[in-house]
Amino acid sequence: MAPAPPDPVAQGPDADPESVARKILLDQLTGQARSRKELSDKLVSRDVPPEIATRLLDRFEEVGLVDDEAFARSWIASRQPGKGLARRALAQELRRKGVDDEVAREALDEIDPADEEAAARALVRKKLRSLSRVDDTTATRRLVGMLARKGYGSGLAFAVVREELAEAGRDADGDL
């Protein structure tokens with residue numbers, strides 16, 4: 001058996017680190033927006049020199065490919081209605097993504113409290129269907145716990161659960 005022919009790509013010159021880093025960034029941005037911190041972490045994990053990473057990230061910001069404000073708004077727009085997350089949970093997610101607290105706060109301020117309450121009600125109604133066989137105290141505990149895990153405050157959670165149980169014909173007031 002004859003040896004494999006030499007690979008001209010493997011024998012060629014080493015790739016330019018800046019070109020490699022640019023390709024990594026473009027690949028990461030294909031399909032979904034990412035925060036500057038996420039992109040920076042990816043470049044670090046791929047051993048891109050810090051000065052090249054910083055220069056490229058700055059350039060990507062200049063041309064609008066990396067924009068933490070737009071990222072935060074789009075993240076909230078997709079996660080708040082889709083997952084029913086409250087402001088507190090969204091703020092934690094944005095913090096984990098490396099979005100600056102001030103930028104996150106500005107994006108979170110755009111959430112309408114009525115939309116947040118409507119999302120909580122939708123979550124409770126959906127979950128309530130699976131709680132038909134449990135008593136009201138247990139249902140209340142489970143529903144409030146679910147809303148707490150989604151980042152809702154206890155005042156809103158108890159009010160929504162109480163109203164939704166009453167609307168479903170269950171007497172939650174006697175059990176709270």
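This is a short talk through a predicted model of one protein chain, from its overall layout down to a few single residues.

Okay, hi everyone. Keep in mind as we go that this is a predicted model. Let's start with the whole chain and then zoom in.

So what is the chain built from? It has 10 helices and 0 strands. If you read along the sequence, the pattern is simply α-α-α-α-α-α-α-α-α-α. The chain has 176 residues, and 36% of them count as buried. Now look at the contacts between residues with a separation of 6 or more: 63% of those join residues that sit 24 or more positions apart.

Let's go to the early part of the chain. S35 is in the loop between α2, which covers 17-29, and α3. Is S35 buried or exposed? Its relative accessible area is 0%, so S35 is buried. And who does S35 touch? Leaving out residues up to four places away in sequence, S35 is in contact with D68, F71, K97 and V99.

Next up, the pair that follows. Helix α3 runs over residues 36-45 and helix α4 over residues 50-62, and their axes come within 11 Å and cross at roughly 150°. How do we describe that arrangement? The cut-off for roughly antiparallel is over 145 degrees, and therefore α3 and α4 count as roughly antiparallel to each other. The crossing of these two helices is right-handed.

Which residues make the contact? On the α3 side you have R36, L39, S40 and L43, and they meet A53, T54, L57, D58 and E61 in α4. Sort the residues of that contact by type and you get 4 nonpolar, 2 polar and 3 charged.

Before we leave this corner, have a look at the loop between α3 and α4, where you'll find D47. D47 isn't a glycine, and yet D47 has a positive phi of about 60°. D47 also has a relative accessibility of 67%, so D47 counts as exposed. So we've now seen two loop residues: S35 is buried, while D47 is exposed.

Okay, further along the chain. Here is another helix pair: α8, residues 113-128, and α9, residues 136-149. These two pack at an angle of about 135°, with their axes 10 Å apart. That angle makes α8 oblique to α9. As for handedness, α8 passes α9 in a right-handed crossing.

Which residues do the touching here? In α8, A120, L123, V124, K127 and L128 meet L143, M146 and L147 in α9. The contact of α8 with α9 divides into 7 nonpolar residues, no polar ones and 1 charged. For the contact of α3 with α4, remember, the split was 4 nonpolar, 2 polar and 3 charged.

Last topic: salt bridges. How many are there? The count comes to 16 salt bridges. I'll pick out a few of them.

One is between R95 and D101, where the closest N and O atoms are 3.3 Å apart. With 39% relative accessibility, D101 is partly exposed.

Then stay with α8, because that helix comes up again here. R121 forms a salt bridge with E163, with the closest N and O atoms 2.2 Å apart. This pair links distant parts of the chain: R121 is in helix α8, E163 is in helix α10, which covers residues 154-167, and the two are 42 residues apart. R121 has a relative accessibility of 14%, so R121 counts as buried. E163 comes in at 41%, which means E163 is partly exposed.

There's another bridge between those helices. The side chains of R125 and E164 meet in a salt bridge at 2.9 Å, N to O. R125 belongs to helix α8 and E164 to helix α10, 39 residues apart, and again distant parts of the chain are linked. This time, which partner is buried? E164 is, at 3% relative accessibility. R125 is partly exposed, at 39%.

And what do these bridges add up to? E117, R121, R125, E163 and E164 are linked in a network of salt bridges. If you'd like to find it on the structure, start from R121 in helix α8 and look across to E163 in helix α10.

That's it from me. Any questions?

Note on methods:
Residues are numbered from 1 along each chain as its sequence is written. This is a predicted model: local features need pLDDT of at least 70, side-chain atom pairs count only at pLDDT 80 or more; totals for chains, interfaces and linings use all residues. Side-chain values use heavy atoms; hydrogens and water are left out. Axes are lines fitted to C-alpha atoms, for helices over the stretch in contact, and angles run from 0 to 180 degrees between N-to-C directions. Helices (H or I, at least four residues) and strands (E, at least two) are DSSP runs, numbered from the N terminus. Angles under 35 degrees count as roughly parallel, over 145 as roughly antiparallel, 65 to 115 as roughly perpendicular and the rest as oblique. A crossing is left-handed if the near helix is turned anticlockwise from the far one by less than a right angle, and right-handed if clockwise. Contact means heavy atoms within 4.5 Å. Ala, Val, Leu, Ile, Met, Phe, Trp, Tyr, Cys and Pro count as nonpolar, Asp, Glu, Lys and Arg as charged, and the others, Gly among them, as polar. A salt bridge is a side-chain nitrogen of Lys or Arg within 4 Å of a carboxyl oxygen of Asp or Glu. Buried means under 20% relative accessible area, exposed over 50%, partly exposed in between (1.4 Å probe, protein chains only).
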